[in-house]
Amino acid sequence: MAAHAPSPEHTITSLDELEQILGVPHPSIATKHTDHTMPLIRRFISEARFFVLATADANGHCDCSPRGDLTPKTIFLDDRTLVIPDRPGNRRADSYRNILANPHVGVLFVVPGIDEVVRVNGTATLTVDPELLQSMSINGKPANLGVVVRIDEVYTHCARAILRSRMWDPESWPDPDEIPSLREMHAEQHELEHDPATPRRQEYYRTLLY
């Protein structure tokens, strides 16, 4: 059954309407960001194996892309500049195409097993500096390129979302066999034939991470 569609008269169209629903943040929350990192935030990010890079193209069409390394390789050039590595992928390069047209980015850093996250907003450029890429090597393979982020805002984000989702609680996890696989979803999207006897989640790329 389709969900109830929201009626237009209940659409929020102004900041005043939004604040009537959510309230106004305490001044300490509204101003909690800084334009630079401190040692503890850099330490947190240095342990963040997983992060999400958000970008938008010149027309504002948005994209967010998951990234990760077993050994975190984000590095800091100074307290306002970080560099994140690119690894082999599908070559669509949506994030990088967007950055070339619109440098504004957001990055959400996640440390496995930790409820809080760190958020960074700034502007990005792309580099192929060989010494820098070599410094982000894994298994002897340098990064393909580096995303250099000049920080405008950095702040910590509380644990509510991860606590509500129980993301790190194995007892709350769904049965993997009940979750559609990438192969199955792709076949449905593009009306392709799919052999249900094919092993699930055994795509070739799982053995070619670097």
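Two strands count as paired if DSSP finds at least two bridges between them. Strands themselves are DSSP runs of type E with at least two residues, while helices are runs of type H or I with at least four residues, and both are numbered from the N terminus. With that settled, here is the main feature: an open sheet of 7 strands, in the order 2-1-5-6-7-4-3, with antiparallel pairing. Strand 2 (62-68) and strand 3 (75-78) are the edge strands, each pairing on one side only. Neighbouring strands of this sheet are turned by 35 degrees against each other on average, direction ignored; the angles are taken between axes, that is, lines fitted to C-alpha atoms (for helices over the stretch in contact), and run from 0 to 180 degrees between N-to-C directions.

A word on what is being looked at: this is a predicted model, in which local features need pLDDT of at least 70 and side-chain atom pairs count only at pLDDT 80 or more, whereas totals for chains, interfaces and linings use all residues. Residues are numbered from 1 along each chain as its sequence is written, and side-chain values use heavy atoms, with hydrogens and water left out.

Stepping back, the protein has 7 helices and 7 strands, and from the N terminus on they run α-α-α-β-β-β-β-α-β-β-α-β-α-α. The C-alpha trace spans about 55 × 55 × 40 Å along its principal axes. Of the 210 residues, 28% are buried, meaning under 20% relative accessible area, with exposed being over 50% and partly exposed in between (1.4 Å probe, protein chains only).

Now for the pairings. Strands of a sheet pair through backbone hydrogen bonds, either parallel or antiparallel. Strand 1 and strand 2 run antiparallel and are joined by 7 bridges, with Leu53 finding its bridge partner in Ser65 of strand 2. The hairpin of these strands has 5 residues between them, and Gly60 there takes a positive phi near 90 degrees. Strand 1 also pairs with strand 5, again in the antiparallel sense, over 5 bridges; here Phe51 is matched with Phe109 of strand 5. Over at the other edge, strand 3 and strand 4 (residues 81-85) form an antiparallel pair with 3 bridges, and Phe76 has Leu82 of strand 4 as its bridge partner.

Helices come up against this sheet too. Helix 4 (residues 94-101) packs on the sheet and touches strand 1 (50-56), strand 2, strand 5, strand 6 and strand 7, where contact means heavy atoms within 4.5 Å. The direction of helix 4 makes about 125 degrees with that of strand 2. Helix 3 (residues 39-46) lies across strand 3, strand 5 (104-110), strand 6 (117-127) and strand 7 (146-157), and runs at about 75 degrees to strand 6.

His33 sits in the loop between helix 2 (27-30) and helix 3. This residue counts as partly exposed because its relative accessibility is 32%. Leaving aside neighbours within four places in sequence, His33 is in contact with Glu153, Val154 and Tyr155. Tyr96 is another story: 63 residues separate it from His33 along the chain, and their C-alpha atoms are 26 Å apart. Across the protein, 64% of the contacts between residues at least 6 apart in sequence join residues at least 24 apart.
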